[in-house]
Amino acid sequence: MSTIQYPNGSGVWHEAKNLDNHSGRGATLEKDINASNTYYRELDIALIYKKPTPIQVVKVDYPRRDRAKIVEAYYRTPSTTDYNGIYKGKYIDFEAKETKNKMRFPLQMIHAHQIKHLQLVQKHGGIGFFIIRFTYYNKTYLVDAGLLIEKISQTTEYAIPYEWFAANGHLIREGLYPRLNYLKVVEAIYFKEEN
């Protein structure tokens, strides 16, 4: 269970554990990216945030004025990608996925609306990519969105082999601060003419 203390002292939010089949899927990678983004913001390196999932609130229970509780809501539209922000004056947008499968990355984890969104990001001059973690190997790769989308469009399989990511992705180094230094890889791929 995680707790968020609101800065204005308006209360505490507790996140309930999800007990369905997808419980915790991607949670470790998400925590690592969130910690890295906090590090980047605090050192004024980049402004990158996790996008909230758009929901439509249908019913709210007000047992007391300061204890409003959402009791019914639904997703308004599919979320586009997980993260976006600014780095060195360039718009960055990416999707993060984590799999326990040691041989392949299942394509069902990437949705058509995410592909379309990242294609538009790149068309308009932004930087779009995927961060893919294979938990079995404890390896995390950054893959350019255009490259992975091209691979997806060319395959007739339900998954892409791990070897493809090892050969075409860029390994992201893990550390203490930042936890996942993905901007070092972004720098090497997308800003190489500046180096």
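Hi everyone. Let's start right in the middle of the fold, with Ile-86, which stands opposite Tyr-91 in strand β7. This is a predicted model, so I'll come to confidence in a moment, but first let me stay with the strand that Ile-86 belongs to.

That strand is β6, residues 83-87. Which of its residues are covered, and which are uncovered? Tyr-83, Gly-85 and Tyr-87 make up the covered face, while Asn-84 and Ile-86 sit on the uncovered one. If you remember the general rule, side chains in a regular strand alternate between the two faces of the sheet.

Now look to either side of β6. With β7, which covers residues 90-99, β6 pairs in the antiparallel sense over 5 bridges. The two strands form a hairpin with 2 residues between them. In that turn, Lys-88 has a positive phi of about 50°. On the other flank is β3, residues 47-50, joined to β6 by 4 bridges and also antiparallel to it. You can read off the register here: Leu-47 faces Ile-86, and Ile-48 is opposite Gly-85. Ile-86 therefore has Leu-47 across from it in one direction and Tyr-91 in the other, by the strand pairing.

Let's zoom out to the sheet. It is an open sheet of 6 strands, in the order β3-β6-β7-β9-β10-β12, and the pairing is mixed. Which strands stand at the edges? They are β3 and β12, the latter being residues 170-171; each has a single partner strand, so one side of each lacks a neighbour in the sheet. Lying across β9 (127-134) and β10 (139-144) is helix α3, residues 145-154, and α3 runs at about 90° to β10.

Here is the overall picture. We have 195 residues, 34% of them counted as buried, arranged with 5 helices and 12 strands. Among contacts with a separation of 6 or more, 59% are between residues at least 24 positions apart. The accessible surface is about 12,600 Å², with carbon and sulfur atoms contributing 51% of that.

As for confidence, the mean pLDDT is 84, and 81% of the residues reach 70 or more. The beginning of the chain is another story: residues 1-6 have pLDDT below 50, although the model gives this stretch 17 contacts beyond near neighbours in sequence. Residues 8-26 also stay under 50, with 20 contacts beyond four places in sequence. I'd ask you to keep those two stretches in mind when you look at the start of the chain.

On to the aromatics, of which there is plenty to show: the structure holds 17 aromatic pairs. Take Tyr-40 and Tyr-182. Their ring centres are 5.5 Å apart and their planes are at 85°, so this pair is edge-to-face. The pair links distant parts of the chain, with Tyr-40 in helix α1 (residues 27-42) and Tyr-182 in helix α5, 142 residues apart. Buried or exposed? Tyr-40 is buried, at a relative accessible area of 3%, and Tyr-182 is buried too, at 0%.

A second example is Tyr-141 with Tyr-162, again edge-to-face, at 6.0 Å centre to centre and 65° between the planes. Tyr-141 lies in β10 and Tyr-162 in helix α4 (residues 162-168), so the pair ties together parts 21 residues apart in sequence. Both Tyr-141 and Tyr-162 are buried.

Tyr-40 and Tyr-182 also belong to one aromatic cluster, along with Tyr-39, Tyr-83, Phe-94, Phe-129, Tyr-177 and Tyr-190. Notice Tyr-83 in that list: we met it on the covered face of β6.

Why do we call helix α5, residues 182-190, largely enclosed by the rest of the structure? Because 7 of its 9 residues are buried. Those are Tyr-182, Leu-183, Val-185, Val-186, Glu-187, Ile-189 and Tyr-190.

One last stop: Pro-106, in strand β8, residues 104-106. Pro-106 is buried, with a relative accessible area of 15%. Leaving aside neighbours within four places in sequence, Pro-106 contacts Thr-99, Tyr-158 and Ala-159. Its C-alpha atom is also 6.7 Å from that of Ile-160, 54 residues away along the chain.

That's my tour. Thanks for listening!

Methods:
Residues numbered from 1 in each chain as written. Predicted model: local features only at pLDDT ≥ 70, side-chain atom pairs only at ≥ 80, totals over all residues. Heavy atoms only, no water. pLDDT = per-residue confidence, 0-100. Contact = heavy atoms within 4.5 Å. Buried < 20%, exposed > 50% of the residue type's maximum accessible area, 1.4 Å probe, protein only. Areas by Shrake-Rupley, 256 points an atom, 1.4 Å probe, with all protein chains shown as cover. Axes fitted to C-alpha atoms, helices over the stretch in contact; angles between N-to-C directions. Phe/Tyr/Trp six-rings, centres within 6.5 Å; stacked < 30°, edge-to-face > 60°.
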